[in-house]
Amino acid sequence: MKWFELGLVLLTFASGIIWLLDRLFFAKARKARAGLLDEGREPVVVDYARAFFPILAVVLVLRSFIAEPFRIPSSSMMPTLLIGDFILVNKFAYGLRLPVNNRKVIEIGLPERGDVVVFRPPAHPDQDWIKRVVGLPGDAIAYRDNVLYVNGEASAYQPIGAYVGKGRGEEMSGASLLAEDLGGDGRHEVLEIDSPMFAHHGVGEWTVPEGEYFVMGDNRDRSDDSRFWGTLPETQLRGKAFLVWMNFDSAAGGVDFDRIGTRL
């Protein structure tokens with residue numbers, strides 16, 4: 001995705017510069033020669049630049065500062081996000097950032113507990129990952145016996161039943177489906193594997209440094225998150241996921257229309 005972003009920026013600037021230089025320095029001379037054979041005809045490269053620059057500029061602004069689409073390839077955020085979901089991510093919720101280097105240029109807001117965020121993990125800066133924010137700067141986080149503790153307070157869990165998966169997420173069928181309450185509006189569903197043969201990992205205690213966040217996947221036993229690689233620097237955030245606009249899973253029969261329009 002980073003190479004696509006870089007390519008989009010380069011094409012936009014290149015087409016814009018070609019179009020601008022032609023209007024400033026070459027178009028008038030060409031117009032003066034018009035009528036002498038074909039000397040007034042616009043060069044092909046300028047014609048293409050004039051046609052594509054507005055389209056490229058609109059796409060660049062939308063993807064960089066308004067909303068960007070992503071596809072969910074893994075089960076780490078089940079049951080909130082399913083494999084094959086196509087989501088939209090708000091690109092200005094946590095401040096306006098420059099494309100490619102992700103440098104913040106305008107402060108707008110900060111992540112809240114319970115937000116589903118897209119980011120680039122420090123160990124894989126060329127990849128986009130998605131998790132839920134459970135720890136804010138200064139928080140003491142602990143996870144043991146399948147219970148999340150925030151500043152010494154155990155999160156509340158309400159059993160819902162056995163999860164029934166489908167398509168590429170069918171392997172999670174039979175896992176425990178729970179409603180987890182992080183306080184405030186932070187209520188969402190999580191999955192846990194209950195089996196005496198299954199060894200749970202990711203147990204420990206952490207303190208979240210200033211300017212960083214503790215993130216976890218909702219599929220607690222199928223998520224590579226802050227329990228394993230540490231807290232997430234704010235500089236790595238890409239945006240806040242807010243909507244499922246499409247789902248396509250060939251193993252589940254194609255498009256799942258019930259997923260379209262799901263708010264996160």
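Biologist: Why does W229 count as partly exposed?

Modeller: The relative accessibility of W229 is 25%, and the class is read from cut-offs: buried means under 20% relative accessible area, exposed means over 50%, and partly exposed is what lies in between, with a 1.4 Å probe and protein chains only. Because 25% falls between those two limits, W229 counts as partly exposed. Please keep in mind that this is a predicted model, in which local features need pLDDT of at least 70 and side-chain atom pairs count only at pLDDT 80 or more, while totals for chains, interfaces and linings use all residues. Residues are numbered from 1 along each chain as its sequence is written, and side-chain values use heavy atoms, with hydrogens and water left out.

Biologist: What makes F119 count as buried?

Modeller: F119 has 0% relative accessibility, which is under the limit for buried, and so F119 belongs to that class.

Biologist: Why is the pair of F119 and W229 called tilted?

Modeller: The structure holds 7 aromatic pairs, where rings of Phe, Tyr and Trp (its six-membered ring) pair if their centres lie within 6.5 Å, and where planes under 30 degrees apart count as stacked, over 60 as edge-to-face and the rest as tilted. In the pair of F119 and W229 the centres are 5.9 Å apart, which is within the limit, and the planes stand at 45 degrees, which is neither under 30 nor over 60, so the pair is tilted.

Biologist: Which parts does this pair tie together?

Modeller: F119 lies in strand β5 (residues 116–119) and W229 in helix α3 (residues 226–229), so the pair ties together parts that are 110 residues apart in sequence. Here helices (H or I, at least four residues) and strands (E, at least two) are DSSP runs, numbered from the N terminus. Ring pairs also link F119 and W229 with W129 into a cluster.

Biologist: How do you know that D218 and R132 meet in a salt bridge?

Modeller: A salt bridge is a side-chain nitrogen of Lys or Arg within 4 Å of a carboxyl oxygen of Asp or Glu. For D218 and R132 the N to O distance is 2.7 Å, and because this is within the limit, the pair qualifies. D218 lies in the loop between β14 (212–216) and α3, and R132 in strand β6 (residues 129–135), so this pair ties together parts that are 86 residues apart in sequence.

Biologist: Why does R132 count as buried?

Modeller: R132 has a relative accessible area of 5%, which is under the buried limit, so R132 is buried.
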